[in-house]
Amino acid sequence: MMTADVIIVGAGVTGAAIARELSRYKLSVLVLEKEAEPAFGVSKSNSGIIHAGTQNPPNSLKGWLAVEGNRLIREELAADLGLDFARCGQLIVVFDPADLPELEKIKKDGEALGVRGLEIVDRAWLDANEPNLGPEVKAALLAPSAGIISPYRFVYALVENAVKNGAVLKTSRKVTAIRRPAAGGFEVVAGGEVFRARFLVNAAGLYADEISALAGAPAFKITPRKGEEYLLDKKRGHISNRILFPLPSGTSKGILIIKTSDGNPMIGPTARDTADKEDLSTSDEGLAEVLAGARRMIPSLSKSDIIAYFSGLRPVSGKDFIIRHEDGAPGLVNAAGIQSPGLTSAPAIAVMVADILKKHGLGLEPRENFHRLRPRPVHLFQVPPEETRRLIAKNPAYGDIVCRCELVSAQEIRDALKRGARTLDGVKFRTRAQAGRCHGGFCTTRILKIMREELGFPVTALTKRGPGSELIKDERKWPSEELDRSS
Ligand SMILES: Cc1cc2nc3c(=O)[nH]c(=O)nc-3n(C[C@H](O)[C@H](O)[C@H](O)COP(=O)(O)OP(=O)(O)OC[C@H]3O[C@@H](n4cnc5c(N)ncnc54)[C@H](O)[C@@H]3O)c2cc1C
């Protein structure tokens with residue numbers, strides 16, 4: 001039976017950030033994840049915004065944690081972990097001068113939370129700085145500290161750095177039972193194995209209510225709130241210079257025009273409660289709502305700009321995050337109900353969870369050889385031509401382009417596999433290979449071949465996103481020469 005000081009359930013951004021934070025200390029930390037790779041839950045399907053912290057009540061936990069998470073990402077993690085983060089700023093626009101008092105209130109609430117640099121800007125400022133805005137927009141609140149990030153690459157960076165500092169990640173380990181032995185602590189059954197720890201951190205996203213109940217803590221309920229997002233062609237990449245928001249509604253920040261760290265603009269998300277934690281469908285109504293909301297801000301947007309779409313489910317429990325020690329199950333810390341802005345808040349949630357664990361008896365003695373830095377992986381699509389030439393001269397595999405849509409080389413795919421990718425989606429999220437206009441039509445067979453070489457698995461064991469998503473059922477029907485010919 002494997003024993004750790006702390007077991008974390010869930011390798012989304014919350015669990016990954018907690019693992020990285022705890023790996024600063026002389027502790028054994030074990031992360032159990034039910035999927036084949038980290039970042040396959042809510043953390044892969046979101047808007048990728050590192051919010052400034054506005055649009056939250058001043059007395060809310062999520063407001064404070066978003067402001068602090070934004071600061072930690074901007075001032076520390078982006079450089080330390082080589083993150084794809086860009087501080088582009090955000091605008092909350094109003095369509096009616098009568099809404100200006102509402103904008104003033106958001107500014108005042110944001111300032112109470114510690115958001116810096118907030119400024120109300122008029123139409124003349126908008127004409128000079130956001131020339132594509134439609135005539136309906138009258139004024140806006142500028143929040144310069146907001147930014148964008150690659151959400152999955154954020155999670156991979158956190159996990160890689162935690163593992164470098166001694167944390168252990170076990171994937172394909174669905175937690176199915178939790179026992180509390182009389183001597184204290186927890187025995188966690190996952191993937192047919194039993195793991196033991198004094199402390200248990202629940203960062204299970206949509207399933208955090210079920211994990212909390214398994215551990216014997218008082219019940220709460222997670223309701224999924226679906227958000228449909230529509231990704232636009234890169235040719236519309238300059239449609240806005242900042243992230244554009246309307247005034248928030250009671251349940252969401254509204255339909256946004258989002259810059260993404262990979263260059264495609266995105267529009268969305270919707271916000272509809274659903275009963276099904278696995279329902280990631282999109283709908284005609286969602287598309288119509290998103291297009292209408294986005295076109296009110298930028299009328300030149302059209303349906304034909306859309307190249308891909310997806311849904312994500314926010315894990316909602318009431319109006320705020322639930323981050324607390326459960327006295328009813330001593331040693332359990334819940335990090336649950338991590339709806340938006342959970343991606344932004346994750347580093348601050350991690351610090352808060354470490355503090356809670358310390359208050360309940362976990363010794364936090366700093367590790368002398370903590371590796372704070374993680375080298376930034378190479379992404380050719382971000383590298384200037386002279387640097388690309390230098391890379392190819394050193395290693396010709398950088399000149400062997402596998403994904404032509406997104407300019408991803410064989411070396412980047414090999415690097416991704418060495419850093420932990422085990423599935424086609426894991427390769428896609430780390431490198432962007434298969435994420436372009438052809439959706440992998442051109443490069444999938446070549447990627448499979450590289451995976452087979454690097455991982456040493458038969459091609460029938462390679463999957464899109466874990467067991468049940470195998471691509472090739474019978475190797476004889478896809479002879480290896482065919483894979484070789486495609487290279
Ligand atoms: C449409 C949409 C847009 C959003 N936009 C933003 C944004 O722009 N900015 C922002 O800050 N936030 C945003 N969010 C919120 C943000 O995505 C979430 O708050 C965050 O990703 C939650 O991360 P998590 O780690 O708590 O959950 P998850 O990423 O879901 O991680 C939980 C993990 O636990 C695993 N797990 C579950 N059950 C078990 C089990 N029994 N055993 C083992 N493992 C288990 C899951 O597989 C999963 O990997 C958005 C959310 C949505 C849906």
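Is Glu76 buried, partly exposed or exposed, and what is its relative accessibility? In this predicted model, Glu76 counts as partly exposed, with a relative accessibility of 30%. Its side chain meets that of Arg71 in a salt bridge, with 4.0 Å from N to O, and Arg71 is likewise listed as partly exposed, at a relative accessible area of 27%.

Side chains of opposite charge can pair when their charged atoms come close. The count of salt bridges in the model comes to 41, and the table sets out three of them.

| Salt bridge | N to O distance |
|---|---|
| Arg71 and Glu76 | 4.0 Å |
| Glu160 and Arg419 | 3.0 Å |
| Glu454 and Lys418 | 3.8 Å |

In the pair of Glu160 and Arg419, whose closest N and O atoms are 3.0 Å apart, Glu160 lies in helix α5 and Arg419 in the loop between α10 and α11, so the salt bridge ties together parts that are 259 residues apart in sequence. Glu160 counts as buried at 18% relative accessibility, whereas Arg419 is partly exposed, with a relative accessible area of 26%.

The pair of Glu454 and Lys418 joins two helices, because Glu454 lies in helix α12 and Lys418 in helix α10, and the parts tied together in this way are 36 residues apart in sequence. Here Glu454 is partly exposed at 29% relative accessibility, while Lys418 is exposed, with a relative accessible area of 58%.

Salt bridges can also share partners, and in this way Asp84, Arg153, Lys234, Asp262, Arg376, Glu406 and Arg432 are joined into one network.

Conventions:
Residues numbered from 1 in each chain as written. Predicted model: local features only at pLDDT ≥ 70, side-chain atom pairs only at ≥ 80, totals over all residues. Heavy atoms only, no water. Buried < 20%, exposed > 50% of the residue type's maximum accessible area, 1.4 Å probe, protein only. Helix = DSSP H or I, 4+ residues; strand = E, 2+ residues; numbered from the N terminus.
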